[in-house]
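The following questions and answers introduce a structure to a reader at the start of their studies. Please study the sequence and the three-dimensional view before reading on.

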Amino acid sequence: MTESLSPSRPRIPGSGLAKGLAVTLRTMTRKHVTAQYPDVQPELPPRSRGVIALFEENCTVCMLCARECPDWCIYIDSHKETVPPATPGGRERSRNVLDRFAIDFSLCMYCGICVEVCPFDALFWSPEFEYAETDILELTHERDKLRAWMWTVPEPPALDTGAEEPKELSAARKTAEKIEAQRAKEAQEAQQTIEAQETAEAPQAREEQKQHKDQKEGEGKE
């Protein structure tokens, strides 16, 4: 037994066109939000991920960023140098010297793992994104170019009121205060030494002055 199907409603010719024109008319009455790029730069969020910058002085060639990178787009070369002992009789030390640090942005997926895992704050995010190239090889930024991006890294946001001071700042402040106290102590000791010398030389100077005066008086009487 077959069930009778209800007949479909007849389609009005041009209904689809009318709906499309209705959408067009509604859009025409709204305010345009076209971004005038590149004449007007976009307002990016403060934590935008544009390009990675390298602060070379903080890099210790620990290779942690290269090992954790899921795309293996970080290339690091280094060599070891022997540092002479700081004190006589001390032991020589060896340190890693950075020869090459490069990031291939054609492979990078901007996950930010390298920035997060760096224990010495050598990598930073910059909001700059205008570094497209016609040659894919130019997307491999070497050490000098990564260092130049540091000038575009924004300042970190201010700490919340009542927040705990970072350990790095407190340690640096304690070291500076210790050095300042040591310098003040050395200056005080030097001043005391000078005053002691002047005190010790004062009687002798007065005696020499008296002898010189007596000698002049004796010459005057003659």
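Q: Which residues does His-141 touch, not counting residues up to four places away in sequence?
A: The model is a predicted one, in which local features need pLDDT of at least 70 and side-chain atom pairs count only at pLDDT 80 or more, while totals for chains, interfaces and linings use all residues. Residues are numbered from 1 along each chain as its sequence is written, and side-chain values use heavy atoms, with hydrogens and water left out. Contact means heavy atoms within 4.5 Å. By this rule, the residues that His-141 touches are Val-51, Phe-101, Ala-102, Ile-103, Phe-105, Tyr-131, Leu-146 and Trp-149.

Q: Is His-141 buried or exposed?
A: A residue is called buried under 20% relative accessible area, exposed over 50%, and partly exposed in between (1.4 Å probe, protein chains only). The relative accessibility of His-141 is 0%, so His-141 counts as buried.

Q: With which side chain does the side chain of His-141 make a polar contact?
A: A polar contact is a pair of N or O atoms within 3.5 Å; within protein, one must be able to donate a hydrogen and the other to accept it, and residues adjacent in sequence count only if both atoms are side-chain atoms. At 3.2 Å, the partner of the His-141 side chain is the side chain of Trp-149.

Q: Which strands stand at the edges of the open sheet?
A: Strands (E, at least two residues) and helices (H or I, at least four) are DSSP runs, numbered from the N terminus. Two strands pair if DSSP finds at least two bridges between them, and the open sheet here has 3 strands in the order 2-3-5 with antiparallel pairing. Each edge strand has a single partner strand, so one side of each is left without a neighbour in the sheet; these are strand 2 (74–83) and strand 5 (140–141).

Q: Which residue in strand 5 does Asp-104 stand opposite?
A: Asp-104 lies in strand 3 (residues 93–104). Strand 3 pairs with strand 5 in the antiparallel sense over 2 bridges. Opposite Asp-104 in strand 5 stands Thr-140.

Q: How far from Asp-104 is the nearest side chain of opposite charge?
A: Lys and Arg count as positive and Asp and Glu as negative, while His and the chain ends are not counted. A salt bridge is a side-chain nitrogen of Lys or Arg within 4 Å of a carboxyl oxygen of Asp or Glu. Asp-104 is buried yet has no salt bridge, and the distance to the nearest side chain of opposite charge, Arg-100, is 8.3 Å.

Q: Which side chains make polar contacts with the side chain of Asp-104?
A: One polar contact, of 2.5 Å, leads to the side chain of Ser-106. Another, of 3.4 Å, leads to the side chain of Thr-140. The side chains are therefore those of Ser-106 and Thr-140.

Q: How many residues apart in sequence are the parts that Glu-56 and Arg-143 tie together?
A: The side chains of Glu-56 and Arg-143 meet in a salt bridge (3.3 Å, N to O). Glu-56 lies in the loop between strand 1 (51–54) and helix 2 (64–68), and Arg-143 lies in helix 4 (residues 143–148), so the separation of the joined parts in sequence is 87 residues.

Q: Which residues do salt bridges that share partners join into one network?
A: Glu-56 forms a salt bridge with Arg-147, with the closest N and O atoms 3.7 Å apart. Arg-147 also forms a salt bridge with Glu-57, with the closest N and O atoms 2.7 Å apart. The residues joined into one network are Glu-56, Glu-57, Arg-143 and Arg-147.

Q: How many disulfides does a search of the whole structure find?
A: A disulfide is a pair of cysteine sulfur atoms within 2.5 Å. The sulfur of Cys-69 is 3.6 Å from the closest cysteine sulfur, in Cys-73, which is too far for a bond. Cys-65 is in no disulfide, and the nearest cysteine sulfur, that of Cys-62, is 6.2 Å away. The number found in the whole structure is 0.

Q: Which side chain does a polar contact join to that of Glu-81?
A: Glu-81 has its place in strand 2. At 33% relative accessibility, Glu-81 counts as partly exposed. The polar contact is 3.2 Å, and the partner side chain is that of His-79.
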